Amino acid sequence: MEQPAIDPEEFLRRLKDEHRTLEWEPLPPEGIRTSDISQARNRASLEYLHSHWVLPESFDPDDAGRGIRGRMLSLFARLTFQVLVRYLHDERQLLAHMVRVNQALEQRCDALTLHLQQLNQDMIDRQVAEAANQAKLALWLHLEPPGTTPSTEQGVRKADNEVRPPSRT
Amino acid sequence: MTNSVHRPDSRRPAVAVLTAHWETTSEAGWITRQVAGALACSADVHVIIPDGAGPAVAMDGVFSVHWLGTPICPAAELRRELLVEGISETGTGGGLAMTPELGALLDEDLIEPWAGAADVLTALLPDLVVIADHRNIGALRAADHHSPEVPVVLLALGSDARSLAFPHFDPLFDRADTVLAATETERSLIVQHHGSPGKVRRIGAALAANPSVLTEPNPWVGATEYVLVLTGVDEEGEHEENELSRLLRVRFPDNPVGIAHNDAFCAWHEGRVTRGWPIERSSDLDRLMAWARVTVDLRPGRLLARRCVTSLLFGTPIVVPEHSRAQEHAKRGGGGLWFSNPADLAWCVEALLEPSTRQLFSTQGRTYAEEEYGSTDAFIDRVGKACDLVPTAEPARNST
């Protein structure tokens, strides 16, 4: 006997429906506040980046010390810098571009973070307002006496549980 | 198809396959070899690659491999990949015209390695040029430099939707007489972005399930009723795949769960783990998949999802991430389910562990895999028809 075909998409939809549970979740309390962090930028890292991205252009003779050893070191260091000057220049340009890109990204992140925080706050304000409105509605419905609904004389026929307009006399 | 070069009728057509890499480790390399092999049934196939220490010709089975000796720098390919990714993310690729500077940067160090290919093509006088990879601008330039009239077939190898939609690679699709796609998803993407549905052909692949594995269970997990999870990442490391595999072994403690990492294989059962060597031989993986209740591939291949097809050929249903290439095998082939979040993953595995449900998906998946990927002859026929080549009785045998 041939087995019936099964549609994976339909099967998956049913699977999700079966597992879906309705969960009651409390509304956020009024006056909830988000974090005060408004900047994505890490100040310390940013300062370090700007302080250190520039590569040295030449050798400082003071770093070599004194004496023959110092002079030899200075000579060797100057030679090294002369050989590597083009590479160091290119490297500096590359680092400069990377710093600019990082700067731009961080600024954009800050702007987006602020925007997100504002949106989040707006959403929470709206939720709180809606919750308050629903609480008022519930209270109003609870306090509203049954007498305000149409009576049998006014057209409610409870025998068949139907609501009909009042009869014209 | 109009051949640009006249050949005597008795001579087999010559096909030049231009590919950046000639290997089988990646899915792209594997499918390139498969297509070249299918073409070898009806033509003499010459593979031209930029690799090698110097220009050379070598035989590789039925293929003549021409090494140009100008290998492509891996950094150049990485730069192209990053640029495509970056520009696509910012919307420049789809919405705005590419600037010449960006175009030059994309092709930097990727065109020059193909400079010698035009001379090889001129010497070979191929009836057909097959370009592997829709980003292979260098190969297209070489083919055009040889002859702008030579028929070109593009083996798209489009594993990334953003790259397929990237306008810089449009000339390859425009120039190609036929575009070959491995899967229906890839074919749809190409048609969506480049039109011409008539010239985009789905060729699939040729995969075979080794029947011997069905008689020899792999004892690594210690049972046959297990869930096989393929993470595609190392065991240590903060990967989402590791989190998902952890979820599965915690969710199904009574069911054996075999988790295959790149660097280890862990068999979990009732909270205990047996750690072993990673899977190295494809036959071991085949045996594990063949005897599993369900195969969960958390990082399927981006081009074809070959492992998933193999699992289906063995009658083992699959659970794969949504929007992966493997989803096609689960959705179109009815061979499994897909998930978009961890809860879905747990529900899908739970559903497929139920014997009657598993049996339905197993039957459907195997039928699909056998029809679409199980026949080598059908694959050769599809490639031959797409390239307008009629297979001869036997492929040419080259003496080495």
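Okay, one definition before anything else: two strands pair if DSSP finds at least two bridges between them. Keep that in mind, and remember that what you're looking at is a predicted model.

So, let's go straight to strand S11 of chain B, residues 265–269. On one side, S11(B) is joined to strand S12, residues 272–276, by five bridges, and the two run antiparallel. If you want a spot to click on, Cys266(B) stands opposite Arg275(B) in S12(B). The two strands make a hairpin with two residues between them, and Glu270(B) in that turn has a positive phi of about 50°.

S11(B) also pairs with strand S10, residues 257–260, through four bridges, again antiparallel. There, Ala260(B) sits opposite Phe265(B) of S11(B). S10(B) and S11(B) form a hairpin too, with four residues between them.

Is S11(B) enclosed or open? Four of its five residues are buried, so the strand is largely enclosed by the rest of the structure.

Now zoom out to the domains. Chain B splits into domain 1, which is 14–205 plus 376–386, and domain 2, which is 211–373. Their C-alpha centres are 32 Å apart. Where they touch, eleven residues come from domain 1 of chain B and ten from domain 2. On the domain 1 side, helix H1 (27–39) and helix H9 (184–194) each supply at least two of those residues, and H1(B) gives the largest share, three residues. By type, that side has five nonpolar, four polar and two charged residues.

Let's stay on H1(B) for a second. How far apart are its ends? At 1.5 Å a residue, its 13 residues should span 18 Å, and the end C-alpha atoms are 18 Å apart, so that agrees. The helix is mostly covered, with ten of the 13 residues buried. Among the buried ones are Ile31(B), Val35(B) and Leu39(B). As a reminder, an α-helix has 3.6 residues a turn, so residues three or four places apart point the same way.

Last stop, chain A. It has three helices and two strands, in the order α-α-α-β-β along the sequence. What share of its 169 residues is buried? Just 1%. Of the contacts in chain A between residues at least 6 apart in sequence, 61% join residues at least 24 apart.

And how do the chains meet? Eight residues of chain A are in contact with eleven of chain B. The chain A side of that contact is made of five nonpolar, two polar and one charged.

That's my tour, thanks.

Definitions and conventions. Residues are numbered from 1 along each chain as its sequence is written. Chains are lettered from A and ligands numbered from 1 in the order in which they are written. This is a predicted model: local features need pLDDT of at least 70, side-chain atom pairs count only at pLDDT 80 or more; totals for chains, interfaces and linings use all residues. Domain bounds come from an automatic or database domain assignment. Two residues are in contact if their C-beta atoms, placed from the backbone, lie within 7 Å. Ala, Val, Leu, Ile, Met, Phe, Trp, Tyr, Cys and Pro count as nonpolar, Asp, Glu, Lys and Arg as charged, and the others, Gly among them, as polar. The expected span of a helix is 1.5 Å times one less than its number of residues. A residue is buried if 20 or more other C-beta atoms lie within 10 Å of its own, exposed if 12 or fewer, and partly exposed in between; C-beta atoms are placed from the backbone.
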